[in-house]
Amino acid sequence: KKSTAAAAKSSKDRSGPSSSSNHAATSSSNNNRFAVIGAALFVTLCCSIGAVNFKSLQSTLSSFQSPTSPPPPSESTGELFLNWFTDNGGIFHPISCSTAANDDDDASSGVQITIQKFDGMGWGLAAIVNATSTFDSNSSNEDNADKVCESTSENDESCPSPSQQLQPVTTLIIPHLAPLFTVPSNLIISISSILDTYSSPSSDYYLPNFYHVVNKVLLASFPRGQGLAKMSPPNNNRRSGSNVRMGLVEQDVVIAMMLMTEECLHHHNHDDDDDSTSGSFWGPYLNMLSSTPIPRLDTFDTEEYAMLNDATLEMVGRSSKERLKSMFYGNARNSGGDDNVSVKTVLRDMINIQQRTNKNNNPAVVPPTCLEFDTFHKFIGIVSSRAMVLKGIKYLTPLAEMINYSPVSPLEQVVHPSRSSGELDGQVAVREDGMIHTPFDLYHTIGADDSITVRSDRNVMLQQQQQPSPHDGSAEDTTAATTTIQIFEDYGPVDSSLFLEMHAFVPSNNPYHCAVIHGRHFLRRQVAPGRSDPNSNVLLRALKLLHLTNPQLTQFVSLEDLCVRKNMSIVEDGNMIGRRPASDAIAITSLLLGESTDMFSNLEVLKSKCITAIESNDVERIELQCARYPGSRRIVKLALVNAAQRSVSEADVTMETLSSWLEEAEKEGGEGGNEKLALAVRFRIEERKIIDSISDISLIDDEPLKHVVIDASDDDLEAKLSSFNTFMDSLNLPVNKIRAQAVEGMRLGAIATEDLESEDAYISLPPNAVIDATSAVAEAETSSPRLAALLKKLDSQQSDGFDVMLVYLLHERFVRKDDSEWWPYLDLLPTVQEVSSSHPLFFEEDEMNLHLGGSDVRKFILRNQGRAFERHAALASDVDVHEVLGSDVILDKSIVYWATAMLDSRSIWWDGRRHLTPLLDLVNADSIGRAHETKVEESSAVTRVSRPVKRGEQV
């Protein structure tokens, strides 16, 4: 059930109307009902957090209710599985309460991780907690404590009753990135483990022709693929794995073959006198898998495809099934005339070698039921819906694949009440669009022993209602003695068409799902063949020059179909900073084929500039004048709204009709309903919800740009200056003839404390007075061993030390804060709000297009923004960085970009490395005299003036 962005790179190009409903998704491929498995160890809850914004657990669970599938196995099935898991090296990790980035977080929250049935969702991962502890609202919930009425008068009507005063307490039980469990390598099925079993001469089950035949089967159906290849990912022992990557479907086929073999042994090769035994090591796990086919896309019949009303997805589903049949039965034409090249033939050999080895060279006859296509198709569905993808490699990982789906917001990955209310360093409230999204593999890490550790991808919270005690008025929670919460995970930024195609469910309100809007809907009037339009030819020319359309086209008819998300982002735009191909195509078309409406106030002027640019054949000029003209982004949004409205008006069914169809499908055939038909309708409903949402958007004029004016003489800045100058005095610099001071129009500057002649040294900084990669590691070794280990790792990966200094700066400024020895310096630096209001890293592209269009500076800024984004994404994908800095720091774009800007704008270079230099970095720039230069003299960094400076003047 896992997927990553790499599994869904292709854009969607679908036909047929879509629709909307509030019906929930089928969130799992095994929709059975089960009981709580395993005994729980209950310990007192800890980490009570007050006033955290979090959606109700009940609403989260109810969002995923769906019809149920076949009857479940017995409770003992789950018990056997858990025993099998732990007996073979599976580990459940104790849950730590700590959310702070510190080195002493040994406290355990007493949360028991296990598996349990969840209504309509089958097996799921569960957290069982003891919620009988009494929580004092005045101590454990500071926000609620402020609301407690302290009036001593019983008749004071302004004082509400105790029950009215008390608010629900939200308790953190599992922090973001907490390790949940580890699956050992011997319980993980992958291509490498299968090759080790059947293609290694040292294995008891060695088949000499296994690799050759399977490779031929795969290449016959996927001639452009890699065939069968042993793949190794990077881990703690291997910094880089093999570069060969099999296709995901090819991996599904080989893993399904292994499962079919084990299933046959499990049911037909056990002890005849004991039905509880299994002929397969994997028996307890196999018992947990669905006994019926997974209702993914390629199991649909004509009725379901008709209901889906999507020609492209129908083609994908039908071709998938035909290809699987060809592989299973063999295709002599595609395999060089070899009738023995088939999955079925290889399966027979795999089962025979297992039987021969396990029964002392006396193999039994392979039962015909072990070699049926329907069984193969069922296991293909199981693998495609359950195996996780890490770095392009599929892993079938028992227990990990039982975690059900729920999308996660970055706001659910941070717990920082003061941040959420905008009280940290004068920042505005944290918003989701200001945070980076973390990748799937951050929460599924491969260890040095090839085990896989699964971590929580969000903060798991428990809401508890308090009621007053009848004796002393203190608050008690009324939660039951044991509380069970389902643990969900996000499967990655994947469109719902992939969930339907490979995972057999359609999530409700998937933020990454997109709906197709046909290209013709972006035109106010159609450009039909034969119609003369004065600008259609010049439009086609522009689209070709910008590589926004097929270069072979001879006439423009309409834009290509686009897939649009609910937030109006366009899938075809990609995610490269400064590159928006789909938006550019819409902007150009709207300009050249548009009419003088409220969309444009100066259409003819803009159109004339665009046509002139096209005639020049200057690609950059065309991009700026035709696609990035003033107001173009708003024009694109208006065009999307108008296109969505036209799409809704042309839809052949209403939302009410689709909802009624879904209700009928869920009732059809008794319990569970017609699951495949319901999936088809649900997919159309989710598409329609997006189209309806976009069509209802009302755009307002963009607000004018706001510029923050910094008052360099405010009392707070003066206090910081005094503290900083005292700090510099304490360093006892060998030479220091300058002092920090507020400077009008420049915020701060360095003022000479005595007359300076040309080439006089005005500051000398010894190693203990500068911050660089070396000093950062040395200081961290005494203050934070975890930080030191991270900095050493980063230093070994990068030569210029930028990431080392970036992480150290973030740690000292936002984690240690005033505990840092550098705090007087860090506190004097511009705040995040000040930097974000003026630094080019934070410039909006529309603003640059307007003021820097045609300038190379625009390209430089876009390139630098792209580098900053890539660096941020890389650091946010490192578990160690989260553990040292905390997720609320590393996920926040404004904070990370602030630190990047500080290093870019304030670093002083010598000996080929950058340094942060307190006081020296306050020396402002001008163009008089020679360029600044700092040199090392007698182990100190010395800077000299290039011209005479009088006492009291700015250097």
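# Notebook: a loop serine, salt bridges, cores and sheets

I began at Ser 907, which I found in the loop between helix 33 (893-906) and strand 21 (908-910). I note at the outset that I am working with a predicted model. I then asked whether Ser 907 is buried or exposed. At 12% relative accessibility, against a limit of 20%, Ser 907 counts as buried.

Leaving out residues up to four places away in sequence, I listed what Ser 907 touches, and the list came to Met 902, Arg 914, His 915 and Leu 916. With Arg 914 there is also a polar contact between the two side chains, at 3.2 Å. A polar atom of the Ser 907 side chain lies 2.6 Å from the backbone oxygen of Leu 903. I also checked Ile 771, which is 136 residues from Ser 907 in sequence, and recorded a C-alpha to C-alpha separation of 9.6 Å.

**Salt bridges**

I turned next to charged pairs and noted that the structure holds 38 salt bridges. The pair I looked up at the start was Glu 845 with Arg 580, whose closest N and O atoms are 2.9 Å apart. Glu 845 belongs to helix 29 (residues 845-852), while Arg 580 sits in the loop between strand 16 (562-565) and helix 17 (581-592), so the pair ties together parts that are 265 residues apart in sequence. Both partners are buried, Glu 845 with a relative accessible area of 9% and Arg 580 with one of 14%.

For Arg 816 I found a salt bridge to Glu 779, with the closest N and O atoms 3.1 Å apart. This pair links distant parts of the chain, since Arg 816 is in helix 26 (residues 802-816) and Glu 779 in helix 24 (residues 773-783), 37 residues apart. Glu 779 is buried, with a relative accessible area of 12%. I then followed shared partners and recorded one network of salt bridges that joins Arg 580, Asp 584, Glu 623, Arg 628, Glu 845 and Arg 858.

I also looked up a pair within one helix, Lys 720 and Asp 716, whose closest N and O atoms are 3.4 Å apart. Both lie in helix 23 (residues 715-730), four residues apart, which is about one turn of the helix. In an α-helix there are 3.6 residues a turn, so residues three or four places apart point the same way. Lys 720 is buried, with a relative accessible area of 16%, whereas Asp 716 counts as partly exposed at 46%.

**Helix 29**

Which residues of helix 29 are buried? I noted Glu 845, Glu 847, Met 848 and Asn 849. These buried residues pack against helix 19 (619-627), helix 20 (632-650) and helix 30 (856-876). After helix 29 comes Gly 854, and I recorded its phi as positive, near 90 degrees.

**Nonpolar cores**

The largest nonpolar core has 89 residues, and those with the most contacts inside it are Ile 174, Phe 181, Phe 210 and Phe 376. Helix 8 (residues 248-268) gives the largest share of this core, nine residues. I asked where this core lies relative to domain 1 (73-100 + 109-129 + 169-180 + 400-412 + 438-464 + 480-493) and domain 2 (189-231 + 246-270 + 277-396). Both domains give residues to the core, so it lies between them. A second, separate core of 77 residues includes Leu 717, Leu 787, Leu 809 and Val 889.

I took Ile 174 for a closer reading and set aside its neighbours within four places in sequence; its contacts include Ile 95, Val 111, Ile 113, Ala 127, Leu 180, Val 460 and Ile 487, and also the residues Ser 456, Arg 458 and Asn 459.

**Strands**

Strand 5 (residues 169-174) is mostly covered, with six of its six residues buried. Five bridges join strand 5 to strand 11 (residues 460-464), and the two run antiparallel. Within this pairing I found Thr 171 opposite Leu 462.

Elsewhere I traced an open sheet of four strands in the order 17-20-24-23, with antiparallel pairing. Strand 17 (735-736) and strand 23 (934-937) stand at its edges with a single partner strand each, so one side of each is left without a neighbour in the sheet. Strand 17 runs antiparallel to strand 20 (residues 761-765) and is joined to it by two bridges. For Asn 736, I recorded Ile 763 as the bridge partner in strand 20.

Definitions and conventions. Residues numbered from 1 in each chain as written. Predicted model: local features only at pLDDT ≥ 70, side-chain atom pairs only at ≥ 80, totals over all residues. Heavy atoms only, no water. Core = buried A, V, L, I, M, F, W, Y, C linked by side-chain atoms within 4.5 Å. Buried < 20%, exposed > 50% of the residue type's maximum accessible area, 1.4 Å probe, protein only. Domains from an automatic or database assignment. Contact = heavy atoms within 4.5 Å. Salt bridge = Lys/Arg side-chain N within 4 Å of Asp/Glu carboxyl O. Pairing = 2+ DSSP bridges. Polar contact = N/O pair within 3.5 Å; in protein donor to acceptor, adjacent residues only side chain to side chain.
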